[in-house]
Amino acid sequence: MGKTKHTGPIKISKKPNPDLWVSKVPFGLGKIKPHHIRDTMKVVWENRDNLPYATRILTKGVCDGCALGVQGLQDQTLRGPHLCTTRLNVLRLNTMSQMKEDVVHADINDLRKMSSTELRKLGRIPYPLIRKPGENKFRRLTWDEALDMVAQKMKALDPKQFAFYLTSRGITNESYYTAGKVARFLGTNNIDNASRICHSPSKTALSRSLGIGASSCNYKDWMGTDVLVFWGSVAANNQPVSTKYMYAAKRNGTKIIIINPYYEPSMDNYWIPSIAESALFGTKIADDVYQVNIGGDIAFMHGIMKHWFEMEEMVPGSAINHEFVNEHVNGFDELKEKAASYEWDQLVHSSGIPKERMIELAELLAKSNSAVFVWSMGLTQHRFGTDNISQVANLAMLRGFIGRENCGVMPIRGHSGVQGSGEMGADPFVLPGGGMNELNRERVGKVWGFNIPDWQGDIVGVSLENALLPEDHERKLKLYYMSGGNFLETMPNPDFVKECLENMDIRVHQDIIFNTSTFVDAKEAVIVLPAMTRYEQPGGGTSTSTERMVYFSPEIKGPRIEEARSEWEIYVDLAKRVRPEDAHLVNFSDAYAIRDEIAKAAPNYDGIQHLKNSGDVFQWGGAWLCENGICPTPDGKGNLIAVELPELRKPEGHFYVTTRRGKQFNSMIYSDTDPFNDADRYDVLMNKEDGEKHQINEGDAIVVFNHHGTFNGRAKFVSLKSGNIEVHWPEGNALIPKGIYEEHAGIPEYNTAVIVEKAETYFAHKDTKYVEKRVEELETEMS
């Protein structure tokens with residue numbers, strides 16, 4: 001942990017810099033770009049029934065969108081107001097009134113016809129509900145009836161046969177902590193959270209490489225660093241306020257490098273609404289773009305390191321920071337041997353990057369005194385995601401870009417609550433303050449006053465699959481308690497997920513709105529419980545940002561859903577009903593009592609107990625983790641990991657597919673058209689030359705298929721690396737294989753090989769063995 005404290009927000013120069021302008025045409029007229037003013041007016045109109053409350057949320061609450069950590073309209077990075085359309089789009093979830101009775105109790109088949117976008121507009125869940133097999137409508141329950149039914153079922157089950165899951169949007173540290181404690185109190189380690197399908201490899205890799213589980217640096221370190229690298233991250237789309245940080249970095253002379261299969265328009269040029277100059281003329285963001293193959297990042301990084309070692313042979317000290325490596329790093333010789341073992345042809349073929357371009361970036365980094373590496377789903381959502389991130393850590397350690405100003409490694413979080421989920425213990429591998437090991441079980445058990453189960457809990461994907469186990473299996477999942485989330489639209493292979501959900505005895509959906517998974521049948525009952533938002537939680541709540549800032553978000557005066565309850569309070573109530581004789585062990589009087597206990601159970605969070613007023617914040621770990629190169633590992637050193645090249649078997653004439661986000665927040669879609677490239681949700685992004693090679697014209701109806709599923713869309717030609725295609729998530733999830741998880745972190749694989757054909761060709765052969773034969777060839781060649 002570092003001793004240097006964060007120094008607070010800085011000012012941006014208001015002097016215009018025409019060198020950064022995209023165009024002298026004001027507001028980007030005529031260009032494909034977001035229309036921030038129009039979108040803002042639309043949000044104002046949507047919230048017109050609760051405009052004063054909406055305004056208080058925006059000006060007093062902590063953003064419940066991404067994890068940049070905007071508090072009110074301010075943050076700890078730059079002075080001045082910060083607001084983005086992502087936050088504005090999410091706002092309506094907090095201000096809308098409850099659903100009307102005729103909607104709540106509508107025919108289930110009519111509700112099933114609605115998309116999640118349509119369901120989201122129906123309003124808030126007003127009171128507890130239940131639907132049993134054969135019933136075509138939800139019935140109203142009292143809270144006592146609902147929780148007693150769940151409690152009685154839990155009493156009858158082996159603790160390995162029920163599980164908890166918490167999503168990330170709007171969930172506070174207090175709710176994560178209470179859920180993690182309650183799960184263990186009830187005897188189960190089957191508890192997981194949304195980071196399992198986004199950044200779990202980041203935490204796992206950083207832990208083994210550097211002994212940390214979060215960003216080593218701050219957003220302020222972007223400003224003044226020599227090089228800022230975005231690896232598999234489209235921050236301009238997913239964390240729009242970050243474009244303001246990029247602007248400030250560019251003003252300070254930082255070079256911004258983008259590494260992505262797709263030359264993302266939003267990471268090239270952006271019109272930042274909260275900076276007058278940028279709102280008028282736009283800002284050029286990318287200095288250079290490296291279009292890597294899907295899954296080719298490890299090879300690319302090996303190429304960079306291979307050239308560094310070759311540079312060292314010619315001029316020692318020209319590429320490697322030997323002082324840092326000798327004092328603070330293990331595994332140097334093994335990594336050098338691994339990087340040298342690969343031939344350039346292998347690295348070029350796997351990465352898709354020419355040797356000359358790899359050398360170009362290697363030399364830029366070698367000549368730089370500082371760099372910050374930022375990444376997101378493009379690196380993590382692979383069956384080798386942990387190795388991807390360890391490679392990033394390798395680059396940083398070899399150059400000494402760790403533990404000092406303007407340097408670091410940063411897994412940028414896309415959801416406001418997700419950083420705190422594991423740190424609070426809502427994770428099968430983690431307890432508050434550390435991993436699920438004997439030492440931590442004993443330490444946390446003393447705080448909690450009861451013994452913590454010592455068996456390994458299941459990750460979310462395995463929990464779902466366990467619903468299909470034989471009835472008498474000890475891990476047959478019979479009850480799933482979910483706080484938010486929609487597995488039908490976030491997990492691979494939605495048909496398989498639906499089968500899993502249907503095979504559970506009881507499912508509990510604790511949420512603020514309906515989603516499509518709410519209407520899937522269960523063998524005994526589907527129970528729906530209305531939750532409060534973070535802004536309604538009595539005593540307020542806290543959330544942890546990407547840069548480890550713990551923010552207090554106060555309860556905000558406004559209308560309430562009469563029967564909605566704080567998420568943490570529901571968990572406590574349930575636990576007391578299951579084990580009334582030990583109720584005192586989980587009894588929290590209020591949110592302040594939870595924060596007091598968090599400070600004891602998670603030492604890094606000592607300080608959270610003092611957060612009580614709007615504006616209160618502290619950063620755990622100091623400005624930089626691993627400050628001065630000293631890591632929180634047993635020997636105080638970082639570990640270079642010699643990573644193997646992954647096998648990416650893509651048969652000739654086939655494509656590798658990955659999923660991408662459009663105008664959406666998580667799986668919540670806010671527009672059918674991507675404002676950055678004008679792509680429809682069912683457009684298949686592909687390289688023009690690939691299209692011509694397969695006699696596909698832009699706009700043609702095409703079919704993307706493999707053994708797992710089929711996706712019908714239209715070809716849209718963009719600047720995408722040849723041999724790769726992209727489809728929107730979650731629409732394209734039918735193509736993604738089920739049951740494939742990353743070895744170390746358990747994240748599902750979200751990339752696979754596919755065949756692309758014109759629809760007329762595909763359907764012309766539908767009644768023959770042609771399609772089956774093509775898929776069989778694909779599977780045979782891949783295996």
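**A walk through strands, helices and buried side chains**

In this predicted model, strand β18 and strand β19, the latter covering residues 549-553, pair in the antiparallel sense over 4 bridges. Within that pairing, Ser-543 has Tyr-551 of β19 standing opposite. The two strands belong to an open sheet of 3 strands, arranged in the order β18-β19-β20 with antiparallel pairing. Its edge strands are β18, residues 541-544, and β20, residues 617-619, each of which pairs on one side only, and the twist from one strand to the next averages 20°. Strands of a sheet pair through backbone hydrogen bonds, either parallel or antiparallel. Across β18 and β19 lies helix α8, made of residues 173-185, which runs at about 90° to β18.

From helix α8 the chain can be followed into the loop between α8 and β4 (191-193), where Thr-188 lies. Thr-188 has a relative accessibility of 0%, and therefore counts as buried, the cut-off being under 20%. Leaving aside residues up to four places away in sequence, Thr-188 touches Pro-159, Phe-162, Phe-164, Ala-183, Pro-453 and Trp-455. One of these, Phe-162, is 26 residues apart from Thr-188 along the chain, and the C-alpha atoms of the two are separated by 7.5 Å.

A parallel arrangement is found around strand β11, which spans residues 371-375 and is mostly covered, with 5 of its 5 residues buried. In a regular strand the side chains alternate between the two faces of the sheet. In β11, Ala-371, Phe-373 and Trp-375 point one way while Val-372 and Val-374 point the other way, and all of them are buried. Strand β5, residues 227-231, runs parallel to β11 and is joined to it by 5 bridges, with Val-227 having Ala-371 as its bridge partner in β11. Strand β12, residues 408-411, is also parallel to β11, and 4 bridges join the two; here Phe-373 stands opposite Val-409 of β12.

Helix α9, residues 200-210, brings further side chains to this region, since its buried residues pack against β11 and β12 as well as α18 (377-380), α19 (385-399) and β21 (638-639). The buried residues of α9 are Ser-200, Pro-201, Ser-202, Ala-205, Leu-206, Ser-209 and Leu-210. Directly after the helix comes Gly-211, whose phi is positive, near 80°.

Another buried position is His-728, found in strand β28, which covers residues 724-728. Its relative accessibility is 1%, so His-728 counts as buried. With residues up to four places away in sequence not counted, His-728 touches Arg-660, Arg-661, Gly-662, Asp-674, Ala-679, Asp-680, Arg-681 and Asp-683.

The last stop is on the surface, where Val-25, Phe-27, Leu-29, Ile-37, Met-41, Val-44 and Leu-51 form a nonpolar patch with about 660 Å² of accessible area together. Helix α1, residues 36-46, supplies the largest share of this patch, namely 3 residues. Val-44 is found in that helix, α1, and has a relative accessible area of 36%, so it is classed as partly exposed, the class between the 20% limit for buried and the 50% limit for exposed residues.

Methods. Residues are numbered from 1 along each chain as its sequence is written. This is a predicted model: local features need pLDDT of at least 70, side-chain atom pairs count only at pLDDT 80 or more; totals for chains, interfaces and linings use all residues. Side-chain values use heavy atoms; hydrogens and water are left out. Two strands pair if DSSP finds at least two bridges between them. Axes are lines fitted to C-alpha atoms, for helices over the stretch in contact, and angles run from 0 to 180 degrees between N-to-C directions. Contact means heavy atoms within 4.5 Å. Patches are made of residues with over 30% relative accessible area and no salt bridge: like charges are joined within 9 Å, nonpolar side chains (Val, Leu, Ile, Met, Phe, Trp, Tyr) within 5 Å. Accessible areas come from the Shrake-Rupley method with a 1.4 Å probe; for residues, only the protein chains shown count as cover. A salt bridge is a side-chain nitrogen of Lys or Arg within 4 Å of a carboxyl oxygen of Asp or Glu. Buried means under 20% relative accessible area, exposed over 50%, partly exposed in between (1.4 Å probe, protein chains only).
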